[in-house]
Amino acid sequence: MHAPRTAAAGRTASPATARLINDRLALQLLQSEGPLTAGQLKSLTGLSRPTVADLVERLQEAGLIAVVGESGAQRRGPNARLYGIVADRAHLVGLDLRTHSVTVAVADLLGEVRDERTVPIGPDDAPDTAVATALAVVDKALAAAGAHHPHTIAVGAPGLVDPATGRLGGTDWIPSWHVALVGELRARRASVLLENEVNLAAIAEQRDGAARDHDTFVLLWLGHGTGAAVVLDGTLRRGTSGGTGEIGFLPVPGTAALPSASGCDGGFHSLAGSAAICALAAEHGLSAATGAGPGTADAPSSEADTDAPPAEAVVRAAVGAGDAGAAFLDALAARIALGVAAVCAVLDPGCVVLGGEVGCGGGEELAGRVAGHLARLSPLRTDVRAGTVGGRAVLRGAVLAARDAAQDELFTPGG
């Protein structure tokens, strides 16, 4: 357990404010530590026994905590009661929208997934059909999880999300059904959060993955497209228009042209996007046919729902594939390092996580090579790591974002 803390010590607060602070602290401890007795809550918060007894009563009456067992084989009675958060107090939905698929997860208030499923969206489906298909899979997942109505829905989608309006846009290639689906979800009386998919993947890596020990880092997304998420001092940065991390538009050496306001061809995307990676692999005698490497079957990706070449499979196959594989990975790492060096020159994050299907597929082998090339390009010490959450990073980030939003509301009395 963590060291004891004092809830409202040293603060000038009204009794009502102090109660809010104490209640929230107790709930945070019950989430991080699991079920606790009143005595353990007293020790961890530094509050008096009567104060703890009062907050336990308040939280029980609010339906947020309940007795879930007893502590110690020889102990019985009120002092042995274990209190835990009522996970079914609210249900959450996370969605990962791709060009030709939707993946949905339904979780409880603690973020534990109760049901998860994916449905394809046909390339020729009309927008109304695609929306109906997506809503149907959400309803099926809710029913399977025993949830009647979601408290919060978090949606991860490609494209720019305007921080001021919460609307999706900024690029012409976004499927129109993505926008329509978000509108339909918002009409269902649930709170709906819309976030760029790479930002959600960064949340997952920050909480559960490779960046757990860093408050400042950049997630470089390498998949069908390229993107980045920026976390500074523990806070996700989105930019004025939601465009922080649109690294595909970054002008870099080695491309035949420059990017434009209407497309990222000629930018970093032309070096590190899926099609470019597969072309580079072909130059080294590697092809998609050699890409049935371990782990590809259960790692959902944007490659699986578009006509893009399977870059993830090629990269996985190159790991440990002898001289040809090593030469390809080194050439790819040199390309990736150009984008990383530019990011580091501006932000100096100290840590860069290679995510997306390609980043995770290349693993530490690719990350180590990128680090080597980066050290020759930049004087800034930067730890380059492979993402560890895997193909479910966007979905996991959506669930975590929904959990945070729901708890912010429900863990504050009156929510």
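Visitor: What makes β5 and β9 the edges of the open sheet of five strands?

Guide: In this predicted model, the sheet has the order β5-β4-β3-β6-β9, with mixed pairing. Strands β5 (113–120) and β9 (191–196) each have a single partner strand, so one side of each is left without a neighbour in the sheet. Neighbouring strands here are turned by 15° against each other on average, direction ignored.

Visitor: How do you know that β6 and β9 pair?

Guide: Two strands count as paired when there are at least two bridges between them, and strand β6 (residues 152–157) is joined to β9 by six bridges, the two running parallel. Within this pairing, Ala157 stands opposite Asn196 in β9. Helix α5 (residues 176–186) packs on the sheet, where it touches β3, β4 (101–108), β6 and β9, and its direction makes about 170° with that of β3. Helix α6 (residues 197–208) also packs on the sheet, touching β3, β6 and β9, with a direction at about 95° to that of β9.

Visitor: Why is His91 called buried?

Guide: His91, which is found in strand β3 (residues 91–97), has a relative accessibility of 9%; buried means under 20%, and therefore His91 counts as buried. Leaving aside neighbours within four places in sequence, the residues in contact with His91 include Ala107, Asp108, Arg114 and His151.

Visitor: Why are α9 and α11 called roughly parallel?

Guide: The axes of helix α9 (residues 311–318) and helix α11 (residues 356–377) come within 8 Å and cross at roughly 10°. Angles under 35 degrees count as roughly parallel, and therefore α9 and α11 are described as roughly parallel to each other. Their crossing is right-handed, and the contact is made by Ala311, Glu312, Val315 and Arg316 of α9 together with Glu357, Val358, Gly361 and Gly362 of α11. These contact residues divide into three nonpolar, two polar and three charged.

Visitor: What makes β12 and β14 the edges of the sheet with the order β12-β11-β10-β13-β14?

Guide: This is an open sheet of five strands with mixed pairing, and both β12 (235–237) and β14 (383–386) have a single partner strand, so one side of each is left without a neighbour in the sheet. On average, neighbouring strands of this sheet are turned by 25° against each other, direction ignored.

Visitor: How do you know that β11 and β12 pair?

Guide: At least two bridges are needed for a pairing, and strand β11 (residues 226–232) and β12 pair in the antiparallel sense over three bridges. One of the bridge partners is Thr235 in β12, which is matched with Leu232.

How values were computed
Residues are numbered from 1 along each chain as its sequence is written. This is a predicted model: local features need pLDDT of at least 70, side-chain atom pairs count only at pLDDT 80 or more; totals for chains, interfaces and linings use all residues. Side-chain values use heavy atoms; hydrogens and water are left out. Helices (H or I, at least four residues) and strands (E, at least two) are DSSP runs, numbered from the N terminus. Axes are lines fitted to C-alpha atoms, for helices over the stretch in contact, and angles run from 0 to 180 degrees between N-to-C directions. Buried means under 20% relative accessible area, exposed over 50%, partly exposed in between (1.4 Å probe, protein chains only). Contact means heavy atoms within 4.5 Å. Angles under 35 degrees count as roughly parallel, over 145 as roughly antiparallel, 65 to 115 as roughly perpendicular and the rest as oblique. A crossing is left-handed if the near helix is turned anticlockwise from the far one by less than a right angle, and right-handed if clockwise. Ala, Val, Leu, Ile, Met, Phe, Trp, Tyr, Cys and Pro count as nonpolar, Asp, Glu, Lys and Arg as charged, and the others, Gly among them, as polar.
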